[in-house]
Amino acid sequence: MIDKKEWDEAEAEAQQGADVYIHKFAKPFTYEGKTYEELTFDFGKLTGNDYLAIEEECQALGRIVVTPTLSGNFLARMAARACCEKIGSDLLMATPIADFSRIRSKARSFLLKTEL
């Protein structure tokens, strides 16, 4: 569950943030033989079809999404779709927890901004 401080930070970011986020890994991250130093996410390119497809993916895994801004699975899949490089959510879930948390928070901030 998200704590109040993290929620407040996400809301503040949502008020001022752009739709594009460049995540720079503290240390290069290697997944399936490919090394990543940064990933660019364009949350503004996502559509309603993406949203519905993410919901369907979660449902197929047996995970019902009631509140997308609180669902790590939903946010990881959303970030993977927003990534400018073709990746899957499995890559994001394999990143170090600090990187995953930051990317997830950026996705959450974007959703919060759209709900304002």
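How much space lies in the largest pocket? The exercises below work through this and other features of a predicted model.

**Exercise 1. Describe the largest pocket: its volume, its lining and the elements behind it.**

Step 1. Start with the volume. The largest pocket holds about 180 Å³ of space.

Step 2. List the residues around the centre. The lining has 13 residues, and those closest to the centre are Tyr-51, Met-78, Phe-110, Leu-111 and Thr-114.

Step 3. Assign the lining to elements. Helix 2, helix 3 and helix 5 each give two or more residues. Helix 5 supplies the largest share, with four residues.

Step 4. Sort the lining by class. Nine residues are nonpolar, two are polar and two are charged.

**Exercise 2. Classify the aromatic pair of Tyr-21 and Phe-41, then place it in the structure.**

Step 1. Pick the two quantities. A pair of aromatic rings is described by the distance of the centres and the angle of the planes.

Step 2. Read the distance. The ring centres of Tyr-21 and Phe-41 are 6.2 Å apart. The cut-off for a pair is 6.5 Å, so the two rings qualify.

Step 3. Read the angle. The planes are 15° apart. Planes under 30 degrees apart count as stacked, so this pair is stacked.

Step 4. Locate the partners. Tyr-21 is in strand 1 (residues 20-31) and Phe-41 is in strand 2 (residues 34-42), so the pair ties together parts 20 residues apart in sequence.

Step 5. Check the surroundings. Tyr-21 and Phe-41 are both buried. They also belong to one aromatic cluster with Phe-43 and Phe-110. Phe-110 is also among the residues closest to the centre of the largest pocket. The count for the structure is seven aromatic pairs.

**Exercise 3. Which residue forms a salt bridge with Asp-19, and which parts of the chain does the pair tie together?**

Step 1. Find the partner. Asp-19 pairs with Lys-113, and their closest N and O atoms are 2.4 Å apart. The limit for a salt bridge is 4 Å, so the contact counts.

Step 2. Place both ends. Lys-113 lies in helix 5 (residues 97-115), while Asp-19 sits in the loop between helix 1 (4-16) and strand 1, so the bridge ties together parts 94 residues apart in sequence.

Step 3. Add the accessibility. Lys-113 is partly exposed at 23% relative accessible area. Asp-19 is partly exposed too, at 31%.

**Exercise 4. Is Lys-24, which meets Glu-38 in a salt bridge, buried or exposed?**

Step 1. Set up the pair. The side chains of Glu-38 and Lys-24 meet at 2.9 Å, N to O. Glu-38 is in strand 2 and Lys-24 in strand 1, 14 residues apart.

Step 2. Compare with the cut-off. Lys-24 has 55% relative accessibility. Exposed means over 50%, so Lys-24 is exposed.

Step 3. Do the other end. Glu-38 has a relative accessible area of 36% and is partly exposed.

**Exercise 5. Trace the salt-bridge network that contains Glu-57.**

Step 1. Take one bridge. Glu-57 and Arg-77 have their closest N and O atoms 3.5 Å apart.

Step 2. Place it. Glu-57 lies in helix 2 (residues 48-60) and Arg-77 in helix 3 (residues 72-82), so the bridge ties together parts 20 residues apart in sequence.

Step 3. Check accessibility. Glu-57 is partly exposed at 30%, whereas Arg-77 is buried at 10%.

Step 4. Widen the view. Asp-50, Glu-57, Arg-77 and Arg-81 are linked in a network of salt bridges. The whole structure has six salt bridges.

Technical notes:
Residues are numbered from 1 along each chain as its sequence is written. This is a predicted model: local features need pLDDT of at least 70, side-chain atom pairs count only at pLDDT 80 or more; totals for chains, interfaces and linings use all residues. Side-chain values use heavy atoms; hydrogens and water are left out. Rings of Phe, Tyr and Trp (its six-membered ring) pair if their centres lie within 6.5 Å; planes under 30 degrees apart count as stacked, over 60 as edge-to-face and the rest as tilted. Buried means under 20% relative accessible area, exposed over 50%, partly exposed in between (1.4 Å probe, protein chains only). On a 1 Å grid over the protein atoms alone, a cavity is a set of points where a 1.4 Å probe fits but cannot get out, and a pocket is an open set with protein on both sides within 12 Å along at least five of seven lines; lining residues have an atom within 4 Å of a point. Grid points are joined across faces, edges and corners, and a volume is the space filled by probe spheres set on the points. Ala, Val, Leu, Ile, Met, Phe, Trp, Tyr, Cys and Pro count as nonpolar, Asp, Glu, Lys and Arg as charged, and the others, Gly among them, as polar.
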